[in-house]
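Please follow how one helix can be described through the partners it packs against, beginning with the model shown here.

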Amino acid sequence: MFNANLAQDVWKDPGKNVSFIVLALNHQDLADEQEHIATFADMSQSIIRSMRIRNPESGLQVAIGFSNKAWDYLFPNAKKPKELETYQTLTGAEYSMPASDGDIFLHIRASEEAVVYEIVRQFMKLLSPVTTVIDETKGFRYLEGRAIIGFIDGTEAPAIEDAADYAIIGDEDPDFENGSYAFAQKWQHDMAFWEKLSVEHQEKAVGRHKFDDMELDDEDKLENAHNVASKLEIDGEEQKIIRMNVPFSDPALDYTGTYFIGYARHWQVTKQMLVQMLEKSDFLLTFSTLLSGQLFFIPSRDTLADIADGNFFD
């Protein structure tokens with residue numbers, strides 16, 4: 001049975017100020033990179049504890065992950081989480097969800113941007129010598145916790161008291177219990193297209209009322225409404241993951257989108273959701289460009305301690 005206290009922050013709130021960072025290992029000197037990663041696995045936890053003491057009201061939450069490619073490179077002789085694989089581009093009849101590069105994933109959120117900044121600054125002092133930044137995306141909490149398209153986000157996600165069951169690996173993979181699978185995907189939206197639609201059309205496309213968030217009757221939704229396309233059932237039972245999506249934007253440059261992050265106990269559940277969204281041509285795909293997609297394993301804090309001690313490098 002998993003112990004949520006040993007997991008990283010994969011099932012708690014999305015935060016008000018958020019930074020998503022994807023790094024590539026330099027692949028130049030394995031021993032040196034292993035040493036830096038071991039040091040980071042150790043000191044990152046001290047940095048987090050220190051910041052929570054310095055600013056206890058910030059609600060700091062952090063998740064650190066590794067891709068399949070990074071795992072194979074850094075820990076070539078170690079066991080691997082059962083469902084960890086290299087994400088490959090998924091393609092449907094009309095749209096695709098591209099795969100992108102990335103070895104290390106950082107998801108940092110807090111109520112104060114200064115706290116996020118300081119965590120990133122200290123983390124990168126440890127990681128910069130052996131990594132290159134692929135992407136850094138700063139997200140924010142939009143008004144009333146809505147998605148950037150104006151609808152309440154997360155209504156159909158598990159309640160916080162139930163969320164850990166859907167996010168954290170249990171005894172089905174005892175070597176990696178209390179870990180999680182994170183799928184990160186960056187969507188850029190054509191906001192001019194969306195804003196030209198009537199509110200009624202937007203509601204049919206999402207499957208909910210925009211003002212009060214009440215769900216529409218099935219017959220009032222589009223066949224490819226988002227909450228139809230993304231709702232996955234297996235043997236009649238709805239499958240859930242933990243979504244912590246946040247908007248990002250440079251509004252003066254007309255560059256706006258959603259950073260989708262889904263944490264799951266089982267990567268295959270997330271993957272089937274993505275496949276279904278493509279099969280049903282989820283309406284959100286009609287005005288969005290997908291910029292990235294990558295799967296990461298989020299180790300438990302015990303596993304991070306083992307990495308810090310060099311146990312995964314033998």
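In this predicted model, helices α1 and α3 are roughly antiparallel to each other, because angles over 145 degrees are counted that way and their axes cross at roughly 160°. Helix α1 covers residues 30-54 and helix α3 covers residues 113-127, and the two axes come within 9 Å. As for its handedness, the crossing in which α1 passes α3 is right-handed.

The residues that meet along this pair can be picked out on both helices. From α1 come H36, I37, T39, F40, M43, S44, I47, I48, M51 and R54, while α3 offers V115, E118, I119, Q122, F123, L126 and L127. Sorted by class, the contact of α1 with α3 has 11 nonpolar, four polar and two charged residues.

A second partner of α1 is helix α9, made of residues 301-308, and here the axes lie 7 Å apart and the helices pack at an angle of about 135°. That angle makes α1 oblique to α9, and α1 passes α9 in a left-handed crossing. On the α1 side the contact is made by I37, A38, A41, D42 and Q45, and on the α9 side by R301, L304, I307 and A308. By class, six nonpolar, one polar and two charged residues make up the contact of α1 with α9.

Which residue of α1 can be found in the contact with α3 and also in the contact with α9? I37 is one of the α1 residues that meet α3, and I37 is listed again where α1 touches α9.

Key: Residues numbered from 1 in each chain as written. Predicted model: local features only at pLDDT ≥ 70, side-chain atom pairs only at ≥ 80, totals over all residues. Heavy atoms only, no water. Axes fitted to C-alpha atoms, helices over the stretch in contact; angles between N-to-C directions. Helix = DSSP H or I, 4+ residues; strand = E, 2+ residues; numbered from the N terminus. Parallel < 35°, antiparallel > 145°, perpendicular 65-115°, else oblique. Left-handed = near helix turned anticlockwise from the far one by under 90°. Contact = heavy atoms within 4.5 Å. Nonpolar A, V, L, I, M, F, W, Y, C, P; charged D, E, K, R; others polar.
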